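Thanks for coming. I will go through one structure today, feature by feature, and you can follow along on the screen.

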Amino acid sequence: QVQLMESGGGLVQPGESLRLSCAASGSIRTLRTMGWYRQAPGKQRELVATIPSGGTTTYADSVKGRFSISRDNAKNTVFLQMNSLKPEDTAVYYCHAIIRRSGDYRVDDYWGQGTQVTVSS
């Protein structure tokens, strides 16, 4: 069984920063692309940023220059540093990972439970 556990959400004022973390645990053979998505009330879930196990990161246009994604492969953890936060960044942020489990040839998508980020004065 594989789990993704997020942490780091909260309430901040516009212009402030937050850092989200997501740790993958369980029977993991290969941890491929990891990423962050978000869903605001009444809107569809959207991609925020992704980072492959080796390669180029990608960002939504709305967060470029403000957010930074990184990962610690030794700890199976992905981070999202969010700077200069805006009210429109308010959403539930979900961690995503593409994982091959130990003893299994398949590659599956996994999601965290979500963490609330609220940006308000």
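C22 and C95 form a disulfide, with their sulfur atoms 2.1 Å apart. Keep in mind throughout that this is a predicted model. The structure holds one disulfide, and the link of C22 and C95 has -80° about the S-S bond, which makes it left-handed. The two cysteines come from distant parts of the chain: C22 belongs to strand 3, C95 to strand 9, and they are 73 residues apart. Are these cysteines buried or exposed? C22 has 0% relative accessibility, so it counts as buried. C95 also counts as buried, because its relative accessibility is 0%.

Next, the two strands that carry the cysteines. I start with strand 3. Strand 3 pairs with strand 8 in the antiparallel sense, over six bridges. Within that pairing, L20 stands opposite L80 of strand 8. Both strands are part of an open sheet of four strands, in the order 1-3-8-7, with antiparallel pairing. Which strands stand at the edges? Strand 1 and strand 7 do; each has a single partner strand, so one side of each has no neighbour in the sheet. On average, neighbouring strands of this sheet are turned by 15° against each other, if direction is ignored.

One residue of the edge strand 1 is V2. V2 has a relative accessible area of 10%, and since the cut-off for buried is under 20%, V2 counts as buried. If you want a sense of distance, the C-alpha atoms of V2 and T57 are separated by 24 Å, with these positions 55 residues apart along the chain taken as their spacing.

Now strand 9, the strand of C95. Strand 9 pairs with strand 4 in the antiparallel sense over nine bridges. G35 stands opposite H96 of strand 9 there. Strand 9 is also joined to strand 10, residues 107–111, by five bridges, and these two run antiparallel. H96 appears again here, with W111 as its bridge partner in strand 10. The hairpin of strand 9 and strand 10 has five residues between the strands, and in it G103 takes a positive phi near 75°. Strand 11 is joined to strand 9 as well, by three bridges, again antiparallel. In that case V92 has Q116 of strand 11 as its bridge partner.

W111 leads on to the aromatic side chains. The structure holds one aromatic pair. The ring centres of Y37 and W111 are 5.0 Å apart and the planes are at 65°, so the pair is edge-to-face. This pair, too, links distant parts of the chain: Y37 is in strand 4 and W111 in strand 10, 74 residues apart. How buried or exposed are the two partners? Y37 is buried, at a relative accessible area of 19%, against a cut-off of under 20%. W111 counts as partly exposed, at 38% relative accessibility. W111 has a charged contact as well: the charged end of R45 sits over its ring, 4.7 Å from the centre. A second case of this kind is R19, whose charged end sits over the ring of F79, 4.1 Å from the centre.

Then the nonpolar core. The largest one has 30 residues, and W36, L80, M82 and Y93 have the most contacts inside it. Strands that each supply at least two residues of this core include strand 1, strand 3, strand 4, strand 8 and strand 9. Which strand gives the largest share? Strand 9 does, with five residues.

Last, two backbone points for those who look at torsions. Most residues other than glycine have a negative phi. N76 has a positive phi, near 50°, and is not a glycine. N76 lies in the loop between strand 7 and strand 8, and at 23% relative accessibility it counts as partly exposed. S84 is not a glycine either, and its phi is positive, about 50°. S84 lies in the loop between strand 8 and strand 9, where it counts as partly exposed at 41% relative accessibility.

To come back to the start: the disulfide of C22 and C95 joins strand 3 to strand 9. Strand 3 sits in the open sheet of order 1-3-8-7, and strand 9 pairs with strand 4 over nine bridges. That is what I have; questions are welcome.

How values were computed:
Residues are numbered from 1 along each chain as its sequence is written. This is a predicted model: local features need pLDDT of at least 70, side-chain atom pairs count only at pLDDT 80 or more; totals for chains, interfaces and linings use all residues. Side-chain values use heavy atoms; hydrogens and water are left out. A nonpolar core is a set of buried Ala, Val, Leu, Ile, Met, Phe, Trp, Tyr and Cys residues joined through side-chain atoms within 4.5 Å. Buried means under 20% relative accessible area, exposed over 50%, partly exposed in between (1.4 Å probe, protein chains only). Two strands pair if DSSP finds at least two bridges between them. Axes are lines fitted to C-alpha atoms, for helices over the stretch in contact, and angles run from 0 to 180 degrees between N-to-C directions. A disulfide is a pair of cysteine sulfur atoms within 2.5 Å. Rings of Phe, Tyr and Trp (its six-membered ring) pair if their centres lie within 6.5 Å; planes under 30 degrees apart count as stacked, over 60 as edge-to-face and the rest as tilted. A charge sits over a ring if NZ of Lys or CZ of Arg is within 6 Å of the ring centre and within 35 degrees of the ring normal.
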